[in-house]
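Work through these exercises with the model open beside you. Try each task before you read its solution.

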Amino acid sequence: MQLKYKLFDDLPILPKLLLIPVAPLLFLLLLGTMTYMGLLTFFDDEERLNASYVLQKTAAQYMRSVADLETTFLGYVLTKDERYLNSFEEGKRTLLTFERELAGRLPPEEDPPFRELHRLVTQYVEEKEKYIHNIQNGFPAEAAVYIQSGKSRKMMVEIRDWMKRFDELERQTTKTELAQLSYDQYWAITIMLIGAVVTLALVIVGQAYIAQSIAAPLVDLSKTVSSGGGETVPVIPSLERRDEIGELTRVMGKMSSRIRQDVEELQQSAYALKKLNAYLSTSEAKYRGLVDHAPVGIVMTKGVKVTFSNRYNQQLAGLDPEQEVAPSTFLQRIHPEDRNGVLMTLAQAVAEGRPCETIFRFVHDDGNVRKILSRHVPIMDFDSSDIIYMGFNIDITALESLQVRLNRAENLATLGQVAAGIAHELRNPLVGIGSTAKVLLDEFEVDDAKRREIEVILSETRRLDRIVNEIVDFARVRRLAPTRVDLVQLVDEVSNLLKVRLDEKELSIKTNVSPMISEIHADRDQLRQVLLNVVHNAIDATPTRGEPIQITADELFREERPGIMIRVKDAGHGIPLELLGQVFQPFVTAGKRTGTGLGLAICKNIVEAHGGDIYVTSEVGKGTILGVWMPLEQEPISNKV
């Protein structure tokens, strides 16, 4: 910063501002004194000029008084009228008055001419008084001779000459006074103009000096502050001056130093906070990843309202894990038979503030049902008076299925043993009965009534043998031999095997197999048995010349496992609702006149042995849809129970 003006740098700003009018004020005092003296001289000139004018006027009046005195003297001499005499006396008094005024007003240089004039006028008056006195004493002739001789006129002419000299002297004096007055007037105006210019210059110089002393460091300070560009805090230098600006620079220097320290601390804090945020983000991402990809459904509820659900829980409910869903959606996904029980159990636990455990079912859009074991534990929410519950949902469908399969396997093993014993015990008598019936049948004629009875015995024997075989087939342990199966070819084969039955009822089969899944890895013979049983049931349920039986096959993923959904749809009489849940149980025929009721039970065993699922939907009077879902690939272990 410039330090050019050092004289008043240490003075505070207020005294500096007060110093601005000091020099102009002093000059104005001097100018006022000079102007006052000039005005006094000007007034003296005017006074002398006025005195000269008065003197000239008085001299003129004095001369007129002398002329009037001459006129009254002549009038008295000629007329002897006392009025002229009175006027003469009055003229003398007036003349005396003017003489006194002239004597008091005359300057020294005009005094000798006036004394000579005064002598002549006095002589003139004395002569006139002498002749007036002679006239009063009776000697008017002398006065007449005096007038006729011209002495009076001669003296009057001499008085006028002196009066002209006096007037000329007075005019010269007036002219001199006028010149002096003009000079003094010009000088007074010049002093005032010069004083105004000098005063204005002093004010401007003083303001410029003070402004330079105040504004220059402020401008430099502003440039220094703005030089940082807003990105860095500039260094403010302290000025070696003891006024407010110096104090300001020192304070701003301390402030800039403190701000730089604070900025450095903030930068360090920001860096630490950034690292902490990165760490927290990483931790959050890690724990969120753990929560989202945990093989357990995690759900958070406030009261009985769901506020959070992880990806796996949405999968359990049959929802898209990539999309956000409304909390009420989870409640709608619970099986209608389980929904009220779950809500009541959770509401009671919330009211008592204790953990709770429930088992319910999630129903998917495709009809798949997942059985869930749910346990909720309370967690205190410090930001609210409500109690937050953390729920953990575990899919126990497979466990339940394994348990059912295990129980069924045990039952089937027991039943197999019993069936094997029964078959062993029944087959020998049935063989004997059948052989005997055949021998007896040959002994009777065709039209013999007893032959028909023997044919009935033989037919029932065969039916009993078939029942025994189906019981053994239902109860036996199934061992799979999976191969690559062309599904289209398999459906055609089933259609050909059932062609006779189809022709009897004048029915047809419409097939629609997706080209994406033309092959499936399964046991071909057992899968053919399933299709044969299902299509045969559809043919039995469809009236003669009814609508075609539809067989469709589409790809369908379950739990990220690729599979195939085979649906067989008929337009038959349908299955009553009370029997719909029992169609896969043994010996349930759903009103059929023929059959043992083991066909769908055997189909269920075969499908489950492949790791699949089978279901049925039906509406009385409209038809039935039986669906079979099977994985496209079998597990490495081919032998399954």
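**Exercise 1. Decide whether glutamate 506 is buried, partly exposed or exposed, and describe its backbone.**

Step 1. The model is predicted, so the values here are computed from it. The relative accessible area of glutamate 506 is 45%.
Step 2. Buried means under 20%, and exposed means over 50%. Glutamate 506 is therefore partly exposed.
Step 3. Locate the residue. Glutamate 506 is in the loop between helix H14 (499–504) and S7.
Step 4. Check phi. Most residues other than glycine have a negative phi. Glutamate 506 is not a glycine, yet its phi is positive, about 55°.

**Exercise 2. Do the same for arginine 545: where is it found, and is it buried or exposed?**

Step 1. Arginine 545 is found in the loop that lies between H15 and S9.
Step 2. Its relative accessible area is 59%. The cut-off for exposed is over 50%, so arginine 545 is exposed.
Step 3. Arginine 545 also has a positive phi, near 55°, and is a residue other than glycine.

**Exercise 3. Lay out the open sheet of five strands: what is the strand order, and which strands stand at the edges?**

Step 1. Read across the sheet. The order is S7-S9-S10-S12-S11, and the pairing is mixed.
Step 2. Find the edges. Strand S7 (509–513) and strand S11 (613–619) each have a single partner strand, so each has one side without a neighbour in the sheet.
Step 3. Add the twist. From one strand to the next, it averages 15°.
Step 4. Take one pair. S9 (residues 549–555) and S10 (residues 563–570) run antiparallel and are joined by six bridges. Glutamine 550 faces lysine 569 in S10.
Step 5. Place a helix on the sheet. Helix H13 (residues 487–497) lies across S7, S9 and S10, and runs at about 170° to S7.

**Exercise 4. Describe the largest nonpolar core: which residues touch the most other members, and which element gives the largest share?**

Step 1. Recall the background. In soluble globular proteins, nonpolar side chains tend to be buried together.
Step 2. The largest nonpolar core has 41 residues, and Ile564 and Met630 touch the most other members.
Step 3. Several elements give two or more residues to this core, including H13, strand S8 (519–522), helix H15 (524–541) and strand S12 (623–631). H15 gives the largest share, seven residues.
Step 4. Look around isoleucine 564. Leaving out residues up to four places away in sequence, its contacts include Leu487, Ile520, Ala553, Trp629 and Met630.
Step 5. Another core, of 21 residues, lies apart from this one; Tyr62, Val66, Leu69 and Tyr131 are among its members.

**Exercise 5. Describe how H15 and H17 cross. Which residues make the contact?**

Step 1. The two axes come within 9 Å and cross at roughly 145°.
Step 2. The crossing is left-handed.
Step 3. List the contact residues. From H15 they include Gln526, Val530 and Asn537, and from H17 they include Gly599, Cys603 and Val607.
Step 4. Follow up one of them. Cysteine 603 is buried, with a relative accessible area of 0%.
Step 5. Compare cysteine 356, which is also buried, at 5%. The structure holds zero disulfides.

**Exercise 6. Trace the pairing of strand S1: how many bridges link S1 to S5, and how many to S2?**

Step 1. S1 (residues 297–302) pairs with S5 (residues 387–395) over six bridges, in the antiparallel sense. Threonine 301 has tyrosine 389 in S5 as its bridge partner.
Step 2. S1 is joined to S2 (residues 305–309) by four bridges, again antiparallel. Here lysine 302 is partnered by lysine 305 in S2.
Step 3. Inspect the turn. The hairpin of S1 and S2 has two residues between the strands, and glycine 303 takes a positive phi near 75°.

**Exercise 7. Is isoleucine 454 buried or exposed, and what does it touch?**

Step 1. Isoleucine 454 lies in helix H12 (residues 449–475).
Step 2. Its relative accessibility is 10%, so isoleucine 454 counts as buried.
Step 3. Leaving out residues up to four places away in sequence, isoleucine 454 touches Ala437, Leu440, Leu441 and Phe444.
Step 4. Its C-alpha atom is separated by 9.8 Å from that of valine 439, 15 residues apart along the chain.

Notes
Residues are numbered from 1 along each chain as its sequence is written. This is a predicted model: local features need pLDDT of at least 70, side-chain atom pairs count only at pLDDT 80 or more; totals for chains, interfaces and linings use all residues. Side-chain values use heavy atoms; hydrogens and water are left out. Two strands pair if DSSP finds at least two bridges between them. Axes are lines fitted to C-alpha atoms, for helices over the stretch in contact, and angles run from 0 to 180 degrees between N-to-C directions. Contact means heavy atoms within 4.5 Å. A nonpolar core is a set of buried Ala, Val, Leu, Ile, Met, Phe, Trp, Tyr and Cys residues joined through side-chain atoms within 4.5 Å. Buried means under 20% relative accessible area, exposed over 50%, partly exposed in between (1.4 Å probe, protein chains only). A disulfide is a pair of cysteine sulfur atoms within 2.5 Å. A crossing is left-handed if the near helix is turned anticlockwise from the far one by less than a right angle, and right-handed if clockwise.
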